[in-house]
Structure formats: C-alpha cells, structure tokens
Amino acid sequence: MQKVISPFTGPKQKKAPGSRPCPFCKGNILGISWADYPTLKNFTDYFGNIKKRYYTGACLKHQKSLHKAVERARFMGLIAFRK
Amino acid sequence: MKTITPTSQENRIYECTVLMSSSVSDKEFSECVKNTEGFFTEKGGKQIAKHEWGKRGLAYDIKGQSEGRYTVYVYEIRPDYIKEIDNSMRLEKNVLRHMIIATPPEFEIIDWGKWFKEWLEKRDEEKERKEEEDREEEKKKIIKKVSKKASVEKTEKKPEAKSEPTPDIENKLEEIISDEDLNL
C-alpha cells in the first residue's frame, strides 16, 4: 500500500518569532518618546514601515505607543515616510 | 528621572516642539524663539524646560529645506489656550513644523538632542573599533598565509640543496680542467 502524506502531518514547523518577550516590558519602559530616534530606528523597516509585532515581540500596549511615536517622528521630519 | 505633575488642577503640562529653517540668520532665529515663547507667556504659561537640538538633517525635504533647527519646550498652561497658541504658531514665519502634545502621566524630561549626539559618537566609535579588528584579522590571515608558503618552499628546497655541487667536487673539476694533458 502506498503511504498517503496528509498536508497536516508534514515536517515540523519553525517556532513562531512572536513567542519572544516584549523588549519594552523587559526594560520597564512606560512610554516611548517620538524624539528617541535610536530606538525608533530599530523598529522600522528598510523602507520606513513599522515592523510587525509578530517579528519584534512587542506587546499590544507598547506597539500602539510605538505607532504613535513613529507617526509623530515622521511628521517632524526625523523618520522618512517612505524610502 | 522624576515625573512632573502640574501645580494646580486647572493646568496641564504640554510639550511643544518647533522646527525652524536652518537658512535663517541667528538674529531672525532668536526673534522667532522669542515670539514662540511669547505665545505661552502671554497666556500665563510657565516654562519648565527648554532644549535646543541645534542643526539637524531632515529625513525628507520640508518647504524645500533639508536641514532644520529643533527646539523643544515644556510648559505648564491651561488647556483652553492651546488652540489659540497653535493657530498663532501656524502663522509664524520661518517655522517649518510645530507640534504641541499633552504629556502622558509617566512623562520625563530628557534632552533628546544630547542623547542623539552621544549615540552618534558611540556608533562612530564602534565602527572604528570594528574596522580596526577587521584589519588586524586580515593582517593575521596574511601572516599565516606567508608563513605557510615559506614552510612549503623550505620543504621543497631541501632535496634541491642536496643536489648542489659540493666544494670537493668543484675542486676536482677544476683540477681536471686545469690538466694540461687533456686537449680540450
């Protein structure tokens, strides 16, 4: 009898990068300032997009404050909208 | 760092940032700063902090300028006057962008301009250190290669050295050549 390989029993999937802990909660950071360019830079893409929290590991609360900070920094000319 | 709380319940703490054009002369710049401060002081605002970041490059051109001067103020003022100040700041000359934010309860006063300069210096130092390390590694690699080549050449040369004519053989040859009996 030929073995039937179902799509659900394939090779083991890689562990989701979203399982890593929040970098802001780790450092006890309450709020993220729009003027903090060095930290904002780490959370933006090469093209200027905000990185998804699936990849950065940021919690929802910090992701929202990060989004606000990046938008303000973009408005003030610190970070580019698009590269 | 300490968090700031307003002195009275009516007041709130606001962070105001003004981006001015860098092509303006120092006189015009100081006038612009006076005007922006005047908007707050007229309405009874109390200045808590003021930070000047100096000239800084912009991520994109604003009104045809690629450089600007940032100044950040922290004021304690009644929230009723913020709209008027915002409107008057919009009409101010030489101001490229401005932003007034109501600060969150966990707000801390930090000079981000200074912070940014320190970060830049650290980054440059790290770059130089990495470059030096790379150079040293390359040097070590080259030395290793040269030493390997030299050892290989030595091993190859050893049998050749045996085949070289010894002084005894040379002497004999000279004797044979110098013999008068031989008609060469």
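The score called pLDDT is the predictor's confidence in each residue, from 0 to 100. For chain B its mean is 88, and 93% of the residues of chain B reach 70 or more. This is a predicted model, in which local features need pLDDT of at least 70 and side-chain atom pairs count only at pLDDT 80 or more, while totals for chains, interfaces and linings use all residues. Residues are numbered from 1 along each chain as its sequence is written, with chains lettered from A and ligands numbered from 1 in the order in which they are written. For the complex, the predictor gives an ipTM of 0.74 and a pTM of 0.76.

Chain B comes with four helices and four strands, where helices (H or I, at least four residues) and strands (E, at least two) are DSSP runs numbered from the N terminus. Going along the sequence, chain B runs β-α-β-β-α-β-α-α. Among these elements, strand S4 (residues 95-102) of chain B has the highest mean pLDDT, 94, and helix H4 (residues 167-178) of chain B has the lowest, 83.

As for overall shape, the C-alpha trace of chain B spans about 130 × 35 × 20 Å along its principal axes. Its radius of gyration is 39 Å, against the value near 16 Å of a compact globule of 184 residues; this radius is taken over C-alpha atoms, and the globule rule is 2.2 Å times the number of residues to the power 0.38. The domain assignment splits chain B into domain 1 (12-110) and domain 2 (119-177), such bounds coming from an automatic or database domain assignment. Taken over C-alpha atoms, the centres of domain 1 and domain 2 of chain B are 65 Å apart.

Just 13% of the 184 residues of chain B count as buried. A residue is buried if 20 or more other C-beta atoms lie within 10 Å of its own, exposed if 12 or fewer, and partly exposed in between, with C-beta atoms placed from the backbone. Helix H4(B) is hardly covered, and zero of its 12 residues are buried. The end C-alpha atoms of H4(B) are 16 Å apart, which agrees with the 16 Å that 12 residues should span at 1.5 Å a residue; the expected span is 1.5 Å times one less than the number of residues.

Chain A, by contrast in its make-up, has four helices and zero strands, giving the pattern α-α-α-α along the sequence. Of its 83 residues, 24% count as buried. Contacts (C-beta atoms, placed from the backbone, within 7 Å) in chain A with a separation of 6 or more are made by residues 24 or more positions apart in 72% of cases. In chain B, 80% of the contacts between residues at least 6 apart join residues at least 24 apart.

Where the two chains meet, 15 residues of chain A are in contact with 15 residues of chain B. On the chain A side, helix H2 (37-42) and helix H4 (60-75) are the elements that give two or more residues. That side of chain A has 10 nonpolar, three polar and two charged residues; Ala, Val, Leu, Ile, Met, Phe, Trp, Tyr, Cys and Pro count as nonpolar, Asp, Glu, Lys and Arg as charged, and the others, Gly among them, as polar.

One residue to look at is A:Ala80, in the segment after H4 of chain A. Leaving aside neighbours within four places in sequence, A:Ala80 is in contact with A:Gly48, B:Ala59 and B:Tyr60. A:Ala80 counts as partly exposed because it has 14 C-beta neighbours inside 10 Å. A:Asn49 is 31 residues from A:Ala80 in sequence, yet their C-alpha atoms are 9.2 Å apart in space.
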